[in-house]
Amino acid sequence: MADITVENLQKRFANFTAVKNSNFKIHNGEFFVLLGPSGCGKTTTLRMIAGIEIPSSGRIILDQDDVTFKRARERDIAFVFQLFALYPHMNVRQNMAFPLENEKFSKSEVKRRVEDIAKMLKIDHLLENGVGNLSGGDRQRVALGRAIVRQPKAFLMDEPLGTLDTEFRELMCLELRRLHDRLGATTVYVTHDQHEAMMMADRIMVMNQGEILQVDTPERMYNFPNCKFVGTFIGTPPMSFLRVDSTVRVTDKSIAIQGVPVGIPRTHETAPSVLLGLRPEHVALVSSGGIPGTVKAVEYLGSHQIVTLETAAGTVRARVDKNLKVRLDDAAQALPDASRVLLYNASTEKLMASDYTRLEVAKPEATNLEAVRGAVAHG
Ligand code: ATP
């Protein structure tokens, strides 16, 4: 079990800075996900934590121990790669036993640990099989088993599910999270897939171009993205941003878009031009009193529809009733929920403080399953 503290960490490759002055702390027992597009520096960050890549500057502290310049094998950490290099000439048992035999554990201890972990991963019936004929999922489990038997302080995983098909990936996500909860070890997990991150993480760190943009819980990351990039990267569909080129002051209760007053939460900052950040569930389609536009796309999703509207201030998506009759090129108007609008400074694209951002995420009234069941029965 371990806290991992990263201080002023930088990595340069010749003239290119892959990781820029990173500061974050991963708590003991946490499932922490590094998320971002290809090339943003997540793998390089993970490799520095693992001891595979040497930082250009900064420190990495594992519990109280400064491990910045310690070799990988001197850190009590297990690295799980995307492509599992299982030893092809060994069977499952031998593959899993290998790290323990390397560290000279007694035969009986090796046997006990391998069999316990195999049972936990539901591969105990495969222990004497060769690894060549295993399914992709079973190979992943053997590789995980091999990492777990050492009982390291932390697990580092670099897109471990990258090669699996979608359905199987989802199952493995849930298995990984369950395993994490059982072992209680710190897990640092790299992915470019927001769904994996939202499904598994206690906290997510979003990176772009070598910089950390936000470190937060999935819930806060969705509700309060602290910049335009995060609002776009997290959420399906992404957050919409409407541009308003007029000064917004702390006393304003609304701003005008094409002459239409649109309500906003009281802002605590002033900006000469702003972006209105809107999640689709906070936008209604109306016939008057909203921001005028034209329907450019309609996506029917069974329980609801996502309608994309082109307006003079930009594209906005609305989540609407599944039965609403709406067709391409229809004229329609978007009405944002004034209490849920997020304001971003248009030049920095950073979230501005407002009455809404000061709120904790509003909890729904029915928070336990019994209450939900009652509502369904009576509804
Ligand atoms: P991906 O998912 O594509 O691996 P990533 O977010 O993990 O993306 P990194 O692998 O950390 O990104 O790479 C960050 C940047 O550093 C990339 O532009 C990459 O080309 C560059 N980079 C990584 N390793 C080296 C290296 N050994 N030499 C030069 N440049 C490198």
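## Starting with a strand pair

Let's begin with β14 and β20. Strand β14 covers residues 274-278 and is joined to β20 by 4 bridges, with the two running antiparallel. To find one spot where they meet, look for V274, which stands opposite N345 in β20. Keep in mind as you look around that this is a predicted model.

That pair belongs to an open sheet of 3 strands, ordered β11-β14-β20, with antiparallel pairing. The edges are taken by β11 (240-244) and β20 (342-345), each of which pairs on one side only. Going from one strand to the next, the twist averages 30°.

## The whole chain

Now step back a little. The chain has 379 residues, and buried ones make up 48% of them. Its secondary structure comes to 10 helices and 20 strands. Measured out along the principal axes, the C-alpha trace spans about 80 × 55 × 35 Å.

For a feel of how far apart two places can be, try A256 and N102. These residues are 154 positions apart along the chain, and their C-alpha atoms are separated by 69 Å. A256 is found in strand β12, residues 254-257. Is A256 buried or partly exposed? A256 is partly exposed, because its relative accessible area is 46%, and a residue needs to be under 20% to count as buried and over 50% to count as exposed.

## A sheet of five strands

There is also an open sheet of 5 strands, and its order is β15-β19-β16-β17-β18, again with antiparallel pairing. At the edges stand β15 (283-286) and β18 (314-321); each has a single partner strand, so one side of each is left without a neighbour in the sheet. The twist here averages 45° from one strand to the next.

Inside this sheet, have a look at β16 (residues 291-300) and β17 (residues 304-311). They pair in the antiparallel sense over 7 bridges. A handy marker for this pairing is T294, which stands opposite E310 in β17.

## A covered strand

Next up is β8, residues 186-191. This strand is mostly covered, with 6 of its 6 residues buried. In a regular strand the side chains alternate between the two faces of the sheet. Which residues of β8 lie on each side? T186, V188 and V190 are on one side, T187, Y189 and T191 are on the other, and both faces are covered.

β8 has parallel partners to go with that cover. Strand β3 (residues 31-35) is joined to β8 by 5 bridges, and the two run parallel. Here F31 stands opposite T187. Strand β7 (residues 154-158) also runs parallel to β8, again with 5 bridges. In that pairing, M157 has Y189 as its bridge partner.

## The start of the chain

Strand β1 (residues 4-13) pairs with β4 (residues 57-62) in the antiparallel sense, over 5 bridges. Q10 of this pairing stands opposite S57 in β4.

β1 is also joined to β2 by 7 bridges, and these two run antiparallel as well. F13 has F16 in β2 as its bridge partner. β1 and β2 form a hairpin with 2 residues between the strands, and there A14 takes a positive phi near 50°.

## Around the ligand

F13 and F16 turn up again here. The residues around the ligand are F13, F16, A18, P37, S38, G39, C40, G41, K42, T43 and T44. By type, this shell divides into 5 nonpolar, 5 polar and 1 charged. Two elements, β2 (16-26) and α1 (42-50), each supply at least two residues of the shell. Which element gives the most to the shell? That is α1, with 3 residues.

Some of these residues come up to oxygen atoms of the ligand. A polar side-chain atom of T43 lies 2.6 Å from one. In the side chain of T44, an N or O atom is 2.5 Å from a ligand oxygen. For G39 the backbone does the job: one of its N or O atoms lies 2.7 Å from an oxygen atom of the ligand. As for cover, the ligand taken alone exposes 630 Å², and the protein buries 57% of that.

Methods: Residues are numbered from 1 along each chain as its sequence is written. This is a predicted model: local features need pLDDT of at least 70, side-chain atom pairs count only at pLDDT 80 or more; totals for chains, interfaces and linings use all residues. Side-chain values use heavy atoms; hydrogens and water are left out. A residue is near a molecule or strand if one of its heavy atoms lies within 4 Å of it. A polar contact is a pair of N or O atoms within 3.5 Å; within protein, one must be able to donate a hydrogen and the other to accept it, and residues adjacent in sequence count only if both atoms are side-chain atoms. Accessible areas come from the Shrake-Rupley method with a 1.4 Å probe; for residues, only the protein chains shown count as cover. Ala, Val, Leu, Ile, Met, Phe, Trp, Tyr, Cys and Pro count as nonpolar, Asp, Glu, Lys and Arg as charged, and the others, Gly among them, as polar. Buried means under 20% relative accessible area, exposed over 50%, partly exposed in between (1.4 Å probe, protein chains only). Two strands pair if DSSP finds at least two bridges between them. Axes are lines fitted to C-alpha atoms, for helices over the stretch in contact, and angles run from 0 to 180 degrees between N-to-C directions.
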